[in-house]
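Dear colleague,

I am handing over the model below, together with notes on what a computed analysis found in it. Please look at the structure first and then read on.

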Amino acid sequence: QVHLVESGGGLVQPGGSLRLSCRASGPFFDLYAMGWYRQAPGKERELVASITSAGDPKYADFAQGRFSISRDNREKTVMLQMNTLKPEDTAVYYCKRGTTYYSVDRGGYWGQGTQVTVSP
């Protein structure tokens, strides 16, 4: 059984930073790609960043240069460092484990989400 638990969300002012963490349970964490998605009110869920089992990251255009995804296979954790946050980054952020070593696009497992609010 795979469980994903996110933490680190909260309220931050524009220009601030947050670091999200997602701890996974279950075997073979190091074999799968991991990702962070977000969903703002009234909008579809969108991919923020993903990282392959080998540690190669990929970012959405809006995240490039501001966000950084990393993973610690020993701790079964994936992190998302978010800098220079903007009000439009406000959303529920979800962690996802993919079903292949290189992609989180199809299937997989979701965490319960953590709220990020960027507001003065």
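Trp110 is a good place to begin, since this residue is partly exposed, with a relative accessible area of 36% (buried means under 20% relative accessible area, exposed over 50%, and partly exposed in between, with a 1.4 Å probe and protein chains only). Please keep in mind that this is a predicted model, in which local features need pLDDT of at least 70 and side-chain atom pairs count only at pLDDT 80 or more, while totals for chains, interfaces and linings use all residues. Residues are numbered from 1 along each chain as its sequence is written, and side-chain values use heavy atoms, with hydrogens and water left out.

Aromatic rings and charges

There are three aromatic pairs in the structure, where rings of Phe, Tyr and Trp (its six-membered ring) pair if their centres lie within 6.5 Å, and planes under 30 degrees apart count as stacked, over 60 as edge-to-face and the rest as tilted. One of them is the edge-to-face pair of Tyr37 and Trp110, with 4.8 Å from centre to centre and 65 degrees between the planes. This pair links distant parts of the chain, as Tyr37 belongs to strand β4 (residues 34-39) and Trp110 to strand β10 (residues 109-110), 73 residues apart; strands here are DSSP runs (E, at least two residues), numbered from the N terminus. Tyr37 is buried, at a relative accessible area of 9%.

Trp110 also forms an edge-to-face pair with Tyr94, at 6.3 Å between the centres and 90 degrees between the planes. Tyr94 lies in strand β9 (residues 91-97) and Trp110 in strand β10, so this pair ties together parts that are 16 residues apart in sequence. Tyr94 counts as buried, at 13% relative accessibility. Ring pairs thus link Tyr37, Tyr94 and Trp110 into a cluster.

The ring of Trp110 also has the charged end of Arg45 over it, 4.5 Å from its centre; a charge sits over a ring if NZ of Lys or CZ of Arg is within 6 Å of the ring centre and within 35 degrees of the ring normal. Likewise, the charged end of Arg71 sits over the ring of Phe29, 4.7 Å from its centre.

The disulfide and strand β9

The search of the whole structure finds one disulfide, defined as a pair of cysteine sulfur atoms within 2.5 Å. The bond joins Cys22 to Cys95, with an S to S distance of 2.1 Å, and with -80 degrees about the S-S bond the link is left-handed. Here again distant parts of the chain are linked, with Cys22 in strand β3 (residues 18-25) and Cys95 in strand β9, 73 residues apart. Cys22 and Cys95 are both buried.

Six of the seven residues of β9 are buried, so this strand is largely enclosed by the rest of the structure. Strands β4 and β9 run antiparallel and are joined by six bridges (two strands pair if DSSP finds at least two bridges between them), with Gln39 having Val92 in β9 as its bridge partner. Three bridges join β9 to strand β11 (residues 114-118), again antiparallel, and there Ala91 stands opposite Val116. Strand β10 runs antiparallel to β9 as well, with two bridges between them, and the partner of Arg97 in β10 is Tyr109.

The nonpolar core

Which residues have the most contacts inside the largest nonpolar core? They are Trp36, Leu80, Met82 and Tyr93, in a core of 27 residues. The elements that give two or more residues to this core are β3, β4, β5 (46-51), β7 (67-72), β8 (77-82), β9 and β11, and β3 gives the most, with four residues. Such a core is a set of buried Ala, Val, Leu, Ile, Met, Phe, Trp, Tyr and Cys residues joined through side-chain atoms within 4.5 Å.

Strand β1 and Thr84

The side chains alternate along strand β1 (residues 3-7): Leu4 and Glu6 point to one face and are buried, whereas His3, Val5 and Ser7 point to the other and are not. Five bridges join β1 to β3, which run antiparallel, and Ala24 in β3 is the bridge partner of Leu4.

Thr84, finally, is placed in the loop between β8 and β9 and counts as partly exposed, at 46% relative accessibility. Its C-alpha atom is separated by 4.1 Å from that of Gly15, although Thr84 and Gly15 are 69 residues apart along the chain.

With best regards
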